[in-house]
Amino acid sequence: MCGRYRLSRRKQIIEEQFDTTDWQDDWNPRYNIAPTQPVPVIRQHPKEPVRQLSQMKWGLIPSWAKDSSGAARMINARSETAAMKPAFRDAMKLRRCLVPADGFYEWQRRGSAKQPFCFEVDDGGLFAFAGLWDGWKNGEGQWVKSCSILTTSPNAVTSAIHDRMPVILNPDSYDLWLDPGMTKVEAVSDLLSPATLA
Amino acid sequence: MRCYSVSSRVNHVSNDDEECSLPVEPADTQKPLFS
C-alpha cells in the first residue's frame, strides 16, 4: 500500500522533468500528501503529442459509482489484479496516467507502535508512479476526476519494511504507459514490475 | 532506491512540511535521556 507521499518540487521543475504543457493549477511543495487530496497527474493528450498536467482527487471513483464514499479505499490498485477488477479494468485499458512524486512513506510495525520510513530514488529526484484515472459525475452534475496508484510486490529496499510498494515506472516506459492508443493490457502490464531504479 | 526512518509527524495529515521527510533515528533505537 502507498498511503502517503511527497512531491516537494516546484511547479516549474515538475513541468520540465515530465515535459508537460498547460498546467493551469497552482502547486506548492507538499511533504505529506494524503488520500482524497488533490494531486498532480500527467496524461497524454488524446489527439496531440503532448503531455498534460492537471489535478485529480487521490482515490479513484469509478464512473458508475453511486457516490464518492469509497474513494479513500481506492487510493491503490493491485497491479496483479487491476485488469480484472470492475473498478479498474477499463482504466487499465484506456485511462492510464503518471503520478509525479519525489518520495513515499511506508510504516513498519514494531510491537504496538509503527515507525514511518521515507523512500526515495538514490539521487532524491523526481519519479512517477503508475496511475489509473476515471471521471465521475457528482449530484450537481460536475465531473470529478480521480486517480489511483498501482502497487506491486516489494523490491529489495522496500521488502525490509513493507510487503507492497507503489509501481515506479522507468522513464523509458512513460510513453508506452501513457499511450491512449495502446489498449493491449498485457503489453502495459509488463511495465508494472518492482522498481529497479537507482 | 534508499530509505530512512522519519518522524511520526508524518502520521498526521495536518503536518505537511519539510520536517515530515527529514531523517531521524528510529524510535526504538533512540538513546535514553539518562543513563
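In this predicted model, Leu191(A) touches several residues that lie well outside its own stretch of sequence: leaving aside neighbours within four places, Leu191(A) is in contact with Ala130(A), Leu169(A), Ser173(A), Leu176(A) and Trp177(A). One of these partners, Ser173(A), sits 18 residues away along the chain, and the C-alpha atoms of the two are separated by 7.0 Å. Leu191(A) belongs to the segment that follows helix H4 (185-189) of chain A. Is Leu191(A) buried, exposed or partly exposed? Because 18 C-beta neighbours fall inside 10 Å, Leu191(A) counts as partly exposed; a buried residue would need 20 or more.

A step back shows the chain to which this residue belongs. Chain A contains four helices and twelve strands. Along the principal axes, its C-alpha atoms fill a box of roughly 45 × 35 × 35 Å. A compact globule of 198 residues would have a radius of gyration near 16 Å, and chain A agrees with this, since its own value is 16 Å. Of the 198 residues of chain A, 39% count as buried. Contacts between distant parts of the sequence are also plentiful: among contacts in chain A with a separation of 6 or more, 64% link residues 24 or more positions apart.

The interior of the model can be described next. In soluble globular proteins, nonpolar side chains tend to be buried together. Here the largest nonpolar core holds 53 residues, and those touching the most other members are Val99(A), Leu132(A) and Cys147(A). Strand E10 (residues 127-137) of chain A supplies the largest share of this core, namely seven residues. Leu132(A) gives a good view of the surroundings: beyond its neighbours within four places in sequence, its contacts include Leu60(A), Ala77(A), Ala82(A), Phe88(A), Ala91(A) and Met92(A). Cys147(A) is also among the contacts of Leu132(A), as are Arg95(A) and Arg96(A).

Strand pairing is the next topic. Strands of a sheet pair through backbone hydrogen bonds, either parallel or antiparallel. One open sheet has five strands in the order E3(A)-E1(A)-E8(A)-E9(A)-E1(B), with antiparallel pairing. Its edge strands are E3 of chain A and E1 of chain B, each of which pairs on one side only. On average, neighbouring strands of this sheet are turned by 30° against each other, direction ignored. Within the sheet, strand E8 (residues 103-110) of chain A is joined to E9(A) by seven bridges in the antiparallel sense, and Glu106(A) has Phe117(A) in E9(A) as its bridge partner.

The sheet also includes a strand from the second chain. Strand E9 (residues 113-120) of chain A pairs with strand E1 (residues 2-5) of chain B over four bridges, again antiparallel. In this pairing, Phe119(A) stands opposite Cys3(B) in E1(B). Chain B itself has zero helices and one strand, and 14% of its 35 residues count as buried. How many residues does each chain bring to the contact? Chain A brings 23 residues and chain B brings 19. On the side of chain B that touches chain A, nine residues are nonpolar, five are polar and five are charged.

Another pair of strands lies within chain A. E4(A) and strand E5 (residues 51-58) of chain A run antiparallel and are joined by seven bridges. The two strands form a hairpin with six residues between them, and Gln44(A) has Arg51(A) in E5(A) as its bridge partner. Six of the seven residues of E4(A) are buried, so this strand is largely enclosed by the rest of the structure.

Two loop residues complete the picture. Most residues other than glycine have a negative phi. Asp19(A), although not a glycine, has a positive phi of about 55°; this residue lies in the loop between helix H1 (11-18) and strand E2 (20-21) of chain A. Asp19(A) counts as exposed because 10 C-beta neighbours lie inside 10 Å, and the limit for an exposed residue is 12 or fewer. Thr36(A) is not a glycine either, and has a positive phi of about 75°. Thr36(A) is placed in the loop between strand E3 (30-33) and strand E4 (38-44) of chain A. With 15 other C-beta atoms within 10 Å, Thr36(A) is partly exposed.

Methods:
Residues numbered from 1 in each chain as written. Chains lettered and ligands numbered in written order. Predicted model: local features only at pLDDT ≥ 70, side-chain atom pairs only at ≥ 80, totals over all residues. Contact = placed C-beta atoms within 7 Å. Nonpolar A, V, L, I, M, F, W, Y, C, P; charged D, E, K, R; others polar. Pairing = 2+ DSSP bridges. Axes fitted to C-alpha atoms, helices over the stretch in contact; angles between N-to-C directions. Core = buried A, V, L, I, M, F, W, Y, C linked by C-beta atoms within 7 Å. Rg over C-alpha atoms; globule rule 2.2 N^0.38 Å.
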